[in-house]
Amino acid sequence: MLHSRRMGTPGGLPALLAHCFLGHGGSWTPLVEALPVPLDALVPDLPGHGQSPAPADPGDFHALTAAALGALVTRPSLLIGHSFGAASLLRHALHHPATVTGLVLIEPVFFAAAEGEAAYAPYRAVETPLHAAVAEGDLAQAARLFLALNPGSPDFDRLPPTAQEGMAAQMRLVTATRAGLFEDSGGLLRPGLMEGFGKPVLVILGSDTTPIFRATLRGLQGRLPDVTATTIPGAGHMVPLSHAQATAAVIHQWMRAKGLEPGLAEATENPHAG
């Protein structure tokens, strides 16, 4: 059972938002408040994050997280995810398209889509020391390496000791994502699955992100039939936190273009939006 909170406006557009690794659901507050469209948003803490308990055995953590998020989607909803949250919602959405009105993927880490690209093998090599540190039990070093992978992430050694301890404890979950994110245990690249997904998709990257994310975007663009891509200038991997206003503006523009904005009879403007 995931700990969840409600954000936005009761009666607004149904939505579910999934945060990144090492994050928590409360981090979505600035973006939800900046979005002109009022969302009736369910915002969970991912397994092992925030107030959600960690699984005793993470197994295929991508599969576990996608299933846990999917259990919360009880009506057709706008799904918005960042990083691992995005990759997990992608897995849910492709297998359960009837639950989706639109899908927003912010810096998605479904790196299997980038296999064959020039950036793929070097990124896997860069990740190798992280997984080796986990295997050796040096979880603090694993967390240090994990944060260093993505521009815009905090410096592990500048964080308070309690934050360092919490992040280090989550590194075993990071290792448990490889089956889903690199080896495609969910079969998301199976011929016809992405190609047959009829819902609109928005992919958002930061301009200062690493090459693996641009490669992943190209892999998704080559398969999904209705995908829009945009880049937030000056942002790194943590774009929905560092550039919440700009991210909200891009999402709003895409929603209007795709007819996802509620009509006046359905919802009023978000009173928190600037």
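Here are three short exercises with worked solutions on the predicted model shown above.

**Exercise 1. Work out how α4 and α5 are oriented to each other, and which residues make their contact.**

*Solution.* Let's begin with the geometry. Two packed helices are described by the angle between their axes and the distance between the axes. For α4 and α5, the angle is about 160° and the axes lie 7 Å apart. Angles over 145 degrees count as roughly antiparallel, and therefore α4 and α5 are roughly antiparallel to each other. Their crossing is left-handed.

Next, look at the residues. α4 brings Pro129, Leu130, Ala133 and Val134 to the contact, while α5 brings Leu139, Gln141, Ala142, Leu145 and Phe146. Sorted by class, this contact has eight nonpolar residues, one polar and no charged ones.

**Exercise 2. Do the same for α2 and α3: at what angle do they cross, and which residues make the contact?**

*Solution.* Helix α2 covers residues 61-70 and helix α3 covers residues 84-95. Their axes come within 8 Å and cross at roughly 70°. The range of 65 to 115 degrees counts as roughly perpendicular, so α2 is roughly perpendicular to α3.

Now the side of α2: Phe61, His62, Ala63, Thr65, Ala66, Leu69 and Gly70 take part. From α3 come Phe84, Ala87, Ser88, Leu89, Arg91 and His92. By class, the contact of α2 with α3 has seven nonpolar, five polar and one charged residues.

**Exercise 3. Describe the largest pocket: how much space lies in it, and what lines it?**

*Solution.* Start with the volume, which is about 470 Å³. Then turn to the lining, made up of 32 residues. Nearest the pocket's centre lie Cys20, Phe21, Leu22, Gly23 and Phe146. The elements giving two or more residues to this lining are α4 (120-135), α5 (139-148) and α8 (178-181). Of these, α4 gives the most, with three residues.

As a last step, sort the lining by class: 18 residues are nonpolar, 12 are polar and two are charged.

Note on methods: Residues are numbered from 1 along each chain as its sequence is written. This is a predicted model: local features need pLDDT of at least 70, side-chain atom pairs count only at pLDDT 80 or more; totals for chains, interfaces and linings use all residues. Side-chain values use heavy atoms; hydrogens and water are left out. On a 1 Å grid over the protein atoms alone, a cavity is a set of points where a 1.4 Å probe fits but cannot get out, and a pocket is an open set with protein on both sides within 12 Å along at least five of seven lines; lining residues have an atom within 4 Å of a point. Grid points are joined across faces, edges and corners, and a volume is the space filled by probe spheres set on the points. Helices (H or I, at least four residues) and strands (E, at least two) are DSSP runs, numbered from the N terminus. Ala, Val, Leu, Ile, Met, Phe, Trp, Tyr, Cys and Pro count as nonpolar, Asp, Glu, Lys and Arg as charged, and the others, Gly among them, as polar. Axes are lines fitted to C-alpha atoms, for helices over the stretch in contact, and angles run from 0 to 180 degrees between N-to-C directions. Angles under 35 degrees count as roughly parallel, over 145 as roughly antiparallel, 65 to 115 as roughly perpendicular and the rest as oblique. A crossing is left-handed if the near helix is turned anticlockwise from the far one by less than a right angle, and right-handed if clockwise. Contact means heavy atoms within 4.5 Å.
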